[in-house]
Structure formats: C-alpha cells, structure tokens
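Biologist: I would like a close look at one part of this model, the largest pocket, and then at how the rest of the chain is arranged. Which residues line the largest pocket?

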Amino acid sequence: RFQAWLEGRICAKADLAWWFTDGALAAARSRHPSLGEHGIVVLPGAEPPVTRSEYVRGEVLRLGHFGSLSSTRSLAPLLQGLASVLVRRPALRERIRLEVYGSALDPESARLRKSLGLEAVVVCHGRLERDPATGQSGRERVVERMQKLDVLVLAHGALQDCSEYIPSKLYEYFWARRPILAVTHQNAQLDQLV
C-alpha cells in the first residue's frame, strides 16, 4: 500500500518521473492519470565488460542461460521445444548443449529435464565463483562464458507484470555480442529489443 501511495504522490507532484519500460509507464499512467506527460522511459543499460573473449565456433551448439530461475521464470518452454526437435532428429542429441549458470533449474524444468531424458543435454553449472588458479573473479568468468557461447537464452517470465519490466540480464547479453533466444511474455518493447 505504501508503494501505491508513493507512486500516486510522485505522479501527482513530480515535474518529471521515469520508468524503465514503456509498459511500466503505461501502467502508471492508467493508475494515475494526473501523471500526464510528466512521465518518460529511460532504458537503463549496463556497463561494458572489462574483459573481452573471442568467440570460436565449435562442433557442439552451446546455448547458455545466466541468472535466476523460478516457477514464474522457467526454461520449461525451451526444454519442451528442444525435446521435440530431438525426437525428430535424434542425432542432434550429441550436438546441442544447454548450459545453465547462476542457479539451479526451476522445479518444472528439473522435472522436464528428467522426464524428457535431457540430463546429458541440459548441463547445470551453478554459480561461477572466483577461480584461484587464474585469479579471475566470478563476474569475469561469467562475462567470458557469455562471450564464448553460441546463443544466449533469456527467460523472461510468465506473470502479468512481465509487460512492465525488461530483465537486466538482457543488457549484459547485448555486451556479449552473441545471438539471443528469448522466451518472452506480453512485452512488445522487449521483443523489439531482442
């Protein structure tokens, strides 16, 4: 209730207020018509990476997801599609890997990984920490891995408020300069950016 009250005060009193997506601004305007033209959208972006790694194409197509997963931000649609492709072209099972970094699989994806026989295709790496052998920080290792993968996977989510946000991971993906495969939900601005 406090956040709703605060948003109302900002919309009524501010000379200028900004939101991070077109959807969030539209929703604020619908809740607070007094905002009028005092609202703008500012895309946040991300700092450029401090390390740069060279991409080299390999024999295996390596897709990578970085970040958190949950029951509302799931890789399940991707796993179902991947399983469908592998049923039609079983030889691809040896040529495709989905690497998951940063968290465990969400419950539905974990169930599907097992029930669809994707244990060897979907590889969970967890969180990348500082490497004592090279001295690289976990963050540097993440950035390097992003830059070396064939395709970066973005799982947006499936809630109503997905129209109002863009995952911050997307901006990091842009800096990696790799193709992005995004599973999105009702967010035209995110679709256009990808």
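Modeller: A pocket here is an open set of points on a 1 Å grid with protein on both sides within 12 Å along at least five of seven lines, and its lining residues have an atom within 4 Å of a point. The model is predicted, and every value below is computed from it.

The lining of the largest pocket consists of Phe66, Gly67, Tyr101, Gly102, Gly126, Arg127, Leu128, Glu129, Gly138, Arg139, Val142 and Lys169. The volume of this pocket is about 220 Å³. Sorted by class, the lining divides into four nonpolar, four polar and four charged residues; glycine counts as polar in this scheme. Helix H5, residues 138-148, gives the largest share of the lining, with three residues.

H5 is a good place to continue. Its buried residues are Gly138, Arg141, Val142, Val143, Met146 and Gln147. Gly138 and Val142 are thus on two lists, that of the pocket lining and that of the buried residues of H5. The buried residues of H5 pack against strand E3 (61-66), strand E6 and helix H6.

The strands come next, beginning with E3 and E4. E3 and E4 run parallel and are joined by six bridges. In this pairing Phe66 is opposite Tyr101 of E4, and both of these residues also line the largest pocket. E3, helix H3 (residues 76-88) and E4 form a β-α-β unit of right-handed sense. From E4 the chain passes through helix H4, residues 107-115, to E5, and this β-α-β crossover is right-handed as well. E4 pairs with E5, residues 122-126, in the parallel sense over four bridges. Here Val100 is opposite Cys124 of E5.

How many of the six residues of E4 are buried? Six of the six residues in E4, which covers residues 96-101, are buried. Both faces of the strand are covered: one side carries Ile96, Leu98 and Val100, and the other carries Arg97, Glu99 and Tyr101. The list of buried side positions therefore includes Arg97 and Glu99, residue types that count as charged.

Further along the chain, E6 (residues 151-155) and E7 (residues 180-183) run parallel, with four bridges between them. Leu154 is opposite Ala182 of E7. Together with helix H6, residues 169-176, these two strands make a right-handed β-α-β unit. Lys169 of the pocket lining is at the start of the range given for H6.

Two loop residues around E7 deserve a backbone check. Most residues other than glycine have a negative phi. Arg177, in the loop between H6 and E7, has a positive phi of about 60 degrees although it is not a glycine. Gln186, in the loop between E7 and helix H7 (188-193), also has a positive phi, near 50 degrees. Are these two residues buried or exposed? The cut-off for exposed is over 50% relative accessible area, so Arg177 at 55% is exposed. Gln186, at 52%, counts as exposed by the same cut-off.

Ala46 lies in the loop between strand E2 (39-41) and E3. Leaving out residues up to four places away in sequence, Ala46 touches Tyr171, Glu172 and Trp175, and these three fall within the range of H6. Its relative accessibility is 29%, so Ala46 counts as partly exposed. Ala46 and Gln80 are 34 residues apart along the chain, and their C-alpha atoms are separated by 31 Å.

At the N-terminal end, Glu7 belongs to helix H1, residues 2-13. Buried means under 20% relative accessible area, so Glu7 at 16% is buried. Apart from neighbours within four places in sequence, Glu7 is in contact with Trp19, Ala28, Arg31 and His32.

For the chain as a whole, there are seven helices and seven strands. From the N terminus on, their order is α-β-α-β-β-α-β-α-β-α-β-α-β-α. The chain has 194 residues, and 38% of them are buried. Of the contacts with a separation of 6 or more, 69% join residues 24 or more positions apart. The C-alpha trace spans about 60 × 40 × 30 Å along its principal axes.

Key
Residues numbered from 1 in each chain as written. Predicted model: local features only at pLDDT ≥ 70, side-chain atom pairs only at ≥ 80, totals over all residues. Heavy atoms only, no water. Pairing = 2+ DSSP bridges. Right-handed = clockwise from strand over helix to strand, strands pointing away. 1 Å grid on protein atoms, 1.4 Å probe; cavity = no way out; pocket = protein on both sides within 12 Å on 5 of 7 lines; lining within 4 Å. Points joined across faces, edges and corners; volume = space filled by probe spheres on them. Buried < 20%, exposed > 50% of the residue type's maximum accessible area, 1.4 Å probe, protein only. Contact = heavy atoms within 4.5 Å.
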